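Subject: Structure handover

Hello,

Here is the structure I promised to pass on. Please open it first, then read my notes below.

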Amino acid sequence: FDLLTDEPKRYVPVITVVSTIGLAGLVFCIIQWLGNLDVRYFIADEMRLRREKKTFVIAFYVLGGLMLSVGTSTLMVWVVSTAGLEFLIPEIEYTNVIFEGPLVLLSVIALAVIVPISEELFFRSYLISNFRKLGPTLSVVVSSLVFALFHAGQLEIIVILSTFVTGLILGYVYSRFKSVMPCVLIHGSQNMLVILVTANLN
């Protein structure tokens with residue numbers, strides 16, 4: 001967003017929210033048309049938690065997955081910084097993409113609710129299911145790679161690696177529960193942490 005002047009930067013949060021809704025719409029269209037699935041039943045089935053899974057087990061995996069994902073990303077940044085390779089760490093101004101004041105609720109809905117649901121339904125459920133011929137492990141690896149490249153931006157190595165690891169964690173959790181709900185909770189919580197830190201900086 002460095003190409004934007006200070007005045008247009010005010011509209012970046014709006015663009016972020018609108019593009020998030022557009023992305024969710026695109027995901028649902030792909031599932032509906034290319035996947036030849038009824039997106040309503042697909043979402044309901046994939047979000048459903050299986051009754052045989054205990055609540056504390058789900059909570060353990062969600063908390064563990066969140067800590068592992070955040071911890072791995074933080075460790076990567078620390079290693080790169082310690083090695084004097086700061087140029088590999090992208091400068092992302094999250095303050096530009098998140099609303100300030102009461103409107104921050106729109107950012108929460110977009111980034112911590114809509115994004116996790118749409119991305120987990122696509123990258124975890126839809127892609128892993130379509131790659132299942134590759135086997136349970138390789139299907140998770142390939143879907144994680146696609147997930148990482150989707151978030152690559154300008155092909156920043158740290159972003160690709162950390163997102164790939166997060167994808168592996170989410171893929172494992174999805175395979176463990178056969179539901180995207182725990183993945184959505186991990187993904188949403190991680191995005192929520194970013195929003196809280198950014199709101200605090202503002």
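Start with I31. In this predicted model, I31 touches N36, L37, V39, F42, L121 and Y126, leaving aside residues up to four places away in sequence.

I31 also belongs to the largest nonpolar core, which has 25 residues. Five of them touch the most other members: I31, F122, Y126, V180 and I186. Each helix listed here supplies at least two residues of this core: α1, α2, α3 (55-82), α4 (104-130), α5 (136-150), α6 (157-177) and α7 (181-201). The largest share comes from α4, with six residues. There is a second, separate core too. That one has nine residues, among them F99, A110, V115 and I195.

Next, the contact of α1 with α2. Helix α1 covers residues 12-34, and helix α2 covers residues 39-47. Their axes come within 9 Å and cross at roughly 110°. Angles of 65 to 115 degrees count as roughly perpendicular, so α1 is roughly perpendicular to α2. Which residues meet there? From α1 they are F28, I31 and Q32; from α2 they are V39, F42 and I43. By class, this contact has five nonpolar residues, one polar residue and no charged ones. V39 and F42 are also among the residues that I31 touches.

Now the chain as a whole. It has seven helices and zero strands. Along the sequence the pattern reads α-α-α-α-α-α-α. The chain has 202 residues, and 39% of them are buried. Take the contacts between residues at least 6 apart in sequence: 72% of these join residues at least 24 apart. The accessible surface comes to about 11900 Å². Carbon and sulfur atoms account for 70% of that surface.

One last residue to look at is K178. Where does K178 sit? Its place is in the loop between α6 and α7. The phi of K178 is near 55°, a positive value in a residue other than glycine. For background, most residues other than glycine have a negative phi.

To find your way around, begin at I31 and its contacts. Then go to the crossing of α1 and α2. Finish at K178 in its loop.

Best wishes

Methods: Residues are numbered from 1 along each chain as its sequence is written. This is a predicted model: local features need pLDDT of at least 70, side-chain atom pairs count only at pLDDT 80 or more; totals for chains, interfaces and linings use all residues. Side-chain values use heavy atoms; hydrogens and water are left out. Axes are lines fitted to C-alpha atoms, for helices over the stretch in contact, and angles run from 0 to 180 degrees between N-to-C directions. Helices (H or I, at least four residues) and strands (E, at least two) are DSSP runs, numbered from the N terminus. Angles under 35 degrees count as roughly parallel, over 145 as roughly antiparallel, 65 to 115 as roughly perpendicular and the rest as oblique. Contact means heavy atoms within 4.5 Å. Ala, Val, Leu, Ile, Met, Phe, Trp, Tyr, Cys and Pro count as nonpolar, Asp, Glu, Lys and Arg as charged, and the others, Gly among them, as polar. Buried means under 20% relative accessible area, exposed over 50%, partly exposed in between (1.4 Å probe, protein chains only). Accessible areas come from the Shrake-Rupley method with a 1.4 Å probe; for residues, only the protein chains shown count as cover. A nonpolar core is a set of buried Ala, Val, Leu, Ile, Met, Phe, Trp, Tyr and Cys residues joined through side-chain atoms within 4.5 Å.
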